[in-house]
Amino acid sequence: MRRSGLLMTLTALLASARLAGAPGVARGQEAKGAPPSAPSAPVRLDRVVVRWHAPETGGVRRPQFIFERELAFEARVEALADPDAEPGLYRDRHIRAALDHHIAETLLASLPISPAPTSTEVAQRAEAARISLEQRARGRARLLAAAAAEGISSDELDALLRRQARASLYLDRMVTPMLEPSDFELRLVLRSGATPFKGQRYEDVAPALKRWYVGQRLSQALITYYQNARARVTLTILRAD
């Protein structure tokens with residue numbers, strides 16, 4: 001799916017939400033970027049496709065913005081993690097999942113954590129998030145290819161990982177511990193047969209199993225949190241005219 005398809009899906013998402021009577025969804029116009037410095041050398045700027053706000057992020061006076069490239073990249077990651085997706089393509093469901101995850105992570109990352117994590121702890125969780133993201137994408141090469149396809153820089157990827165790190169630390173410290181499952185818990189999960197490591201020895205897969213299990217728990221916690229927070233979020237889909 002090309003980026004034009006991404007915008008069409010967002011517009012359809014807006015329409016379906018309005019028809020269903022969902023609160024906090026509005027239609028808007030595309031944010032206008034500054035004109036290029038010289039008409040003979042136009043520069044294509046990234047474009048805001050979603051503007052949103054919620055009490056947790058400061059309300060209407062502190063709007064949040066999602067750019068086309070970052071949402072397309074996050075949709076690509078969702079597609080790479082989907083066993084039923086066609087290689088190299090992302091669908092409507094991947095865009096919707098990426099949008100929900102992006103907003104949920106931003107909400108959680110903005111909430112106060114007690115005790116506050118140190119910069120070292122955030123960095124460690126960001127590195128763990130990187131490894132988990134590579135696992136979801138089924139390999140570092142695939143993740144980097146998805147980033148390259150949307151022009152995502154290493155700094156932008158680092159910002160996404162720090163957002164995920166703070167969101168996961170909030171869930172772990174303020175909701176329920178989930179970042180450090182015990183060996184006993186992991187062994188039970190492996191024995192259930194409901195993991196990608198079925199039939200393998202625990203000693204051989206323990207680190208990868210832990211990352212997978214923590215990732216699954218965090219993803220479910222994100223979904224649950226956003227379902228409860230959705231009514232507090234006001235979304236505006238920004239369309240090009």
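## A walk through the model, starting at Q135

Start by selecting Q135, which sits in helix α4. Keep in mind as you go that you are looking at a predicted model. Is Q135 buried or exposed? Neither one fully: its relative accessible area is 27%, so Q135 counts as partly exposed.

Now show what lies around it. Setting aside neighbours within four places in sequence, you'll find Q135 touching F197, A208, R211 and W212. Pick out W212 and draw a distance between the two C-alpha atoms: you should get 7.7 Å, although Q135 and W212 are 77 residues apart along the chain.

**Zoom out for a moment**

Colour the whole chain by secondary structure. How many helices and strands does the chain have? There are eight helices and four strands. Going along the sequence, the order is α-β-β-β-α-α-α-α-α-α-α-β.

The chain has 241 residues, and 42% of them count as buried. Its accessible surface is about 13300 Å², with 54% of that belonging to carbon and sulfur atoms. As for contacts between residues at least 6 apart in sequence, 71% of them join residues at least 24 apart. The Q135 and W212 pair, 77 residues apart, was one taste of how distant parts of the sequence meet.

**Select α4 and α6 together**

Back to helix α4, and this time add helix α6, residues 154-175. Helix α6 has 22 residues and runs 31 Å from its first C-alpha to its last, close to the 32 Å expected at 1.5 Å a residue.

Look at how the two helices cross. The axes of α4 and α6 come within 8 Å, at an angle of roughly 110 degrees. That makes α4 roughly perpendicular to α6. To see the contact itself, show side chains: on the α4 side you want E121, V122, R125, A126, A129, R130 and L133. Their partners in α6 are L157, D158, L160, L161, R162, Q164, A165, R166, S168, L169 and R173. Colour this set by residue type and you get nine nonpolar, two polar and seven charged residues.

Stay on α6 and hide the rest. Which residues of α6 are buried? The list is L157, L160, L161, R163, Q164, A165, A167, S168, L169, Y170, L171 and D172. Bring the neighbours back to see what covers them: α2 (68-81), α3, α4 and α8 are among the elements that do.

**Next, α7 and α8**

Select residues 183-192 for α7 and 202-229 for α8. Here the axes are 10 Å apart and the helices pack at about 90 degrees. That makes α7 roughly perpendicular to α8. From α7, the contact uses D183, E185, L186, R187, V189 and L190. From α8 come Y202, E203, V205, L209, K210, W212, Y213 and R217. Sorted by type, the residues of this contact are eight nonpolar, no polar and six charged. You may recognise W212 in that list, as one of the residues that Q135 touches.

**On to H101**

Jump to helix α3 and click on H101. Its relative accessibility is 14%, so H101 counts as buried. What does H101 touch, not counting residues up to four places away in sequence? Its contacts are E78, S219 and I223.

**Then W52**

Find strand β2, residues 48-53, and select W52. How much relative accessible area does W52 have? The value is 0%, so W52 is buried. Show its surroundings and you'll see plenty to click on: beyond the four places on either side in sequence, W52 touches T57, P63, Q64, I66, I103, T106, L107, V233, T234 and L235. Try the distance to T234: C-alpha to C-alpha the two are 5.4 Å apart, while 182 residues separate them in sequence.

**Two backbone stops to finish**

Go to the loop between α3 (92-109) and α4 (119-136) and select P115. Turn your attention to the peptide bond from S114 to P115: this bond is cis, with omega near -5 degrees.

Last, move to the other end of α4, where R138 lies in the loop between α4 and α5 (140-149). R138 isn't a glycine, yet its phi is positive, near 65 degrees. Is R138 buried or exposed? With 45% relative accessibility, R138 counts as partly exposed.

Definitions and conventions. Residues numbered from 1 in each chain as written. Predicted model: local features only at pLDDT ≥ 70, side-chain atom pairs only at ≥ 80, totals over all residues. Heavy atoms only, no water. Buried < 20%, exposed > 50% of the residue type's maximum accessible area, 1.4 Å probe, protein only. Contact = heavy atoms within 4.5 Å. Areas by Shrake-Rupley, 256 points an atom, 1.4 Å probe, with all protein chains shown as cover. Axes fitted to C-alpha atoms, helices over the stretch in contact; angles between N-to-C directions. Parallel < 35°, antiparallel > 145°, perpendicular 65-115°, else oblique. Nonpolar A, V, L, I, M, F, W, Y, C, P; charged D, E, K, R; others polar. Expected span 1.5 Å × (residues − 1).
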